[in-house]
Amino acid sequence: MSDSVNQPRTFEVLTAAPVRARRKPRDWPNEEKERLIAETLLPGANVSAIARAEGLDPSQLYGWRRKALSSGLVAPLTETAKKEVKFARVEPVASSAVEIVLGDVVVRVGGDIESDHLVKILRAVRKA
């Protein structure tokens, strides 16, 4: 028989760190939210990368963006466009022509217009 009773033994004592309390949500100022939303609306912007760079969960930034777009009060992307764009009226008609009213400007286009060309026209109207 071996003398295992008198052999030295090592024991490891495990300790546990207390569970951290849930951190308080950060209160984002409206100006900061507007800046981040405007940044996500730039052509080629990656919303998830912008959110991660700011230490924000991407789903939160997507939520802010969705809310801003649905409200219709998205800030202009450039400094030159200071006026808020509102539709004066919407009148459904059975026609191949489309009429877009931007403030005091009316844009009439045919139903067969290319979408890229229409985008260029609307950007030019907004800048004017």
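**Exercise 1. Determine which helices the buried residues of H3 pack against in this predicted model.**

Solution. Begin with the helix itself: H3 has 14 residues and spans 20 Å from its first C-alpha to its last, close to the 20 Å expected at 1.5 Å a residue. Next, list its buried residues, namely Pro58, Leu61, Gly63, Trp64 and Ala68. These residues pack against H1 and H2. Finally, inspect the position just after H3, where Gly72 adopts a positive phi of about 80 degrees.

**Exercise 2. Identify the residues of the largest nonpolar core and the elements that give two or more residues to it.**

Solution. The core comprises 11 residues: Trp28, Leu36, Ile37, Leu41, Val47, Ile50, Ala51, Leu56, Leu61, Trp64 and Ala68. Two or more of them come from each of helix H1 (30-40), helix H2 (47-53) and helix H3 (58-71). Such grouping follows a general tendency: in soluble globular proteins, nonpolar side chains tend to be buried together. To examine one member, take Ile37 and set aside its neighbours within four places in sequence; Ile37 then contacts Trp64, Arg65 and Ala68. A second, separate core has five residues, among them Ile100, Leu102, Val109 and Leu118.

**Exercise 3. Describe the pairing of strands S1 and S2 and the hairpin that they form.**

Solution. First, establish the sense of pairing: S1 (residues 97-102) and S2 (residues 105-110) are antiparallel, with six bridges. Second, locate one bridge: Glu99 has Arg108 in S2 as its partner. Third, turn to the connection, where two residues lie between the strands and Gly103 has a positive phi near 65 degrees.

Notes:
Residues are numbered from 1 along each chain as its sequence is written. This is a predicted model: local features need pLDDT of at least 70, side-chain atom pairs count only at pLDDT 80 or more; totals for chains, interfaces and linings use all residues. Side-chain values use heavy atoms; hydrogens and water are left out. A nonpolar core is a set of buried Ala, Val, Leu, Ile, Met, Phe, Trp, Tyr and Cys residues joined through side-chain atoms within 4.5 Å. Buried means under 20% relative accessible area, exposed over 50%, partly exposed in between (1.4 Å probe, protein chains only). Helices (H or I, at least four residues) and strands (E, at least two) are DSSP runs, numbered from the N terminus. Contact means heavy atoms within 4.5 Å. Two strands pair if DSSP finds at least two bridges between them. The expected span of a helix is 1.5 Å times one less than its number of residues.
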